[in-house]
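Work through the exercises below with the model open. Try each task before reading its solution.

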2 protein chains.
Amino acid sequence: MLKRSKQRESIKKFLISRYDHPTAETVYMNIKEEFPNISLGTVYRNLSLLADIGEIQKLSTGIGPDRFDGNPKPHYHFICKECGSVLDLNVTGLDHINVLAAQDFDGEIEGHVTYFYGKCSSCKAKRQTS
Amino acid sequence: MLKRSKQRESIKKFLISRYDHPTAETVYMNIKEEFPNISLGTVYRNLSLLADIGEIQKLSTGIGPDRFDGNPKPHYHFICKECGSVLDLNVTGLDHINVLAAQDFDGEIEGHVTYFYGKCSSCKAKRQTS
DNA sequence: TTAAGTGCAAAGGATTTGCAACAAA
DNA sequence: TTTGTTGCAAATCCTTTGCACTTAA
């Protein structure tokens, strides 16, 4: 079970090459150059599958459609309220966060997702006033 | 501008009375008891408006439809992977998180949202094995 | 050979929107 | 009055799905 497919491999390779966390639609447009007949359904299917087996990450930012990250390792993201861009964030010293959350909680905490919000550097430069 | 409306007030009051972070659909069903003719569109409009002016919070968990929280103050949430319930989480000692994130970042960090994932206490009790 | 993957198109769920009627200020 | 708000229905956006065909193993 789980055969390889050229389409899936292309999607994964594409995601690894990008650092802007593209949407399914963007993936679709780009994979089309190599596979002109690929369908959006196939893109969605493969993105879900890759996320399920932990080879990529799905980002639900709450703003617009889901985005996808070719880097499967846990890390943090920043979302610019101004332009909507999603950036990787290098945050260290947050490993204890699950422990802190577990302190006052009866269930079992397996992980967490954090999105930081604000203004990216270029939007910040554009206007000093809010 | 911004007139009061009985519908909006009822929606807010309802949200404040609930601690399970209901969806728009659930809000709709409940408000219908007081306003049988209210439409789902009105519910969505008011939920968006209330979230925009900071009187409630919209929660985009990445699982299912958005949920709404009558408590506008920043706090943390836990999502049970098993049953899908969304619980408030009392986490202290995380005030420095924005500062940590800003350390290696040129833009401006205004806030963050964190969702913890795992098994809630009752789902944990149901089966010891994963 | 056979089970997984694909393309296509239709369906689905969640949310938004245009508009005429209504209600708050 | 004036302008925000509503109910209704249609539209839109994003994502999933059924099915017959194709392809990897």
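Three exercises follow, on a predicted model.

**Exercise 1. The core**

Task: Find the residues with the most contacts inside the largest nonpolar core, and state which elements supply at least two residues of this core.

Solution:
- Step 1. Take the largest nonpolar core, which has 28 residues.
- Step 2. Look for the residues with the most contacts inside this core: L89(A), F116(A), L89(B) and F116(B).
- Step 3. Assign the elements. In chain A, strand 3 (76-80), helix 4 (97-102) and strand 5 (108-119) each supply at least two residues of this core. In chain B, strand 3 (76-80), helix 4 (97-102) and strand 5 (108-119) each do so too.
- Step 4. Follow L89(A), leaving aside its neighbours within four places in sequence. In chain A, L89(A) is in contact with Y76(A), H77(A), F78(A) and F116(A). In chain B, L89(A) is in contact with A101(B), F105(B) and I109(B).
- Background: in soluble globular proteins, nonpolar side chains tend to be buried together.

**Exercise 2. Two helix pairs**

Task: Describe how helix 1 packs against helix 3, in chain A and in chain B.

Solution:
- Step 1. Two packed helices are described by the angle between their axes and the distance between the axes.
- Step 2. Start with chain A. Helix 1 and helix 3 (residues 40-52) pack at about 70°, with their axes 10 Å apart. Angles of 65 to 115 degrees count as roughly perpendicular, so helix 1 and helix 3 of chain A are roughly perpendicular to each other. Their crossing is right-handed.
- Step 3. List the contact in chain A. Helix 1 contributes Q7(A), R8(A), I11(A), K12(A) and L15(A). Helix 3 contributes T42(A), V43(A), N46(A), L47(A), L49(A) and L50(A). By class, these residues are six nonpolar, three polar and two charged.
- Step 4. Turn to chain B. Helix 1 (residues 6-17) and helix 3 (residues 40-52) pack at about 70°, with axes 10 Å apart. That makes helix 1 of chain B roughly perpendicular to helix 3 of chain B. The crossing in chain B is right-handed.

**Exercise 3. Positive phi**

Task: For H21(A) and L2(B), give phi, location and burial class.

Solution:
- Step 1. Recall that most residues other than glycine have a negative phi.
- Step 2. Take H21(A). Its phi is near 55°, a positive value. H21(A) lies in the loop between helix 1 (6-17) and helix 2 (24-34) of chain A. Its relative accessibility is 2%, so H21(A) counts as buried.
- Step 3. Take L2(B). Its phi is positive, about 75°. L2(B) lies in the segment before helix 1 of chain B. Its relative accessibility is 53%, so L2(B) counts as exposed.

Key: Residues are numbered from 1 along each chain as its sequence is written. Chains are lettered from A and ligands numbered from 1 in the order in which they are written. This is a predicted model: local features need pLDDT of at least 70, side-chain atom pairs count only at pLDDT 80 or more; totals for chains, interfaces and linings use all residues. Side-chain values use heavy atoms; hydrogens and water are left out. A nonpolar core is a set of buried Ala, Val, Leu, Ile, Met, Phe, Trp, Tyr and Cys residues joined through side-chain atoms within 4.5 Å. Buried means under 20% relative accessible area, exposed over 50%, partly exposed in between (1.4 Å probe, protein chains only). Helices (H or I, at least four residues) and strands (E, at least two) are DSSP runs, numbered from the N terminus. Contact means heavy atoms within 4.5 Å. Axes are lines fitted to C-alpha atoms, for helices over the stretch in contact, and angles run from 0 to 180 degrees between N-to-C directions. Angles under 35 degrees count as roughly parallel, over 145 as roughly antiparallel, 65 to 115 as roughly perpendicular and the rest as oblique. A crossing is left-handed if the near helix is turned anticlockwise from the far one by less than a right angle, and right-handed if clockwise. Ala, Val, Leu, Ile, Met, Phe, Trp, Tyr, Cys and Pro count as nonpolar, Asp, Glu, Lys and Arg as charged, and the others, Gly among them, as polar.
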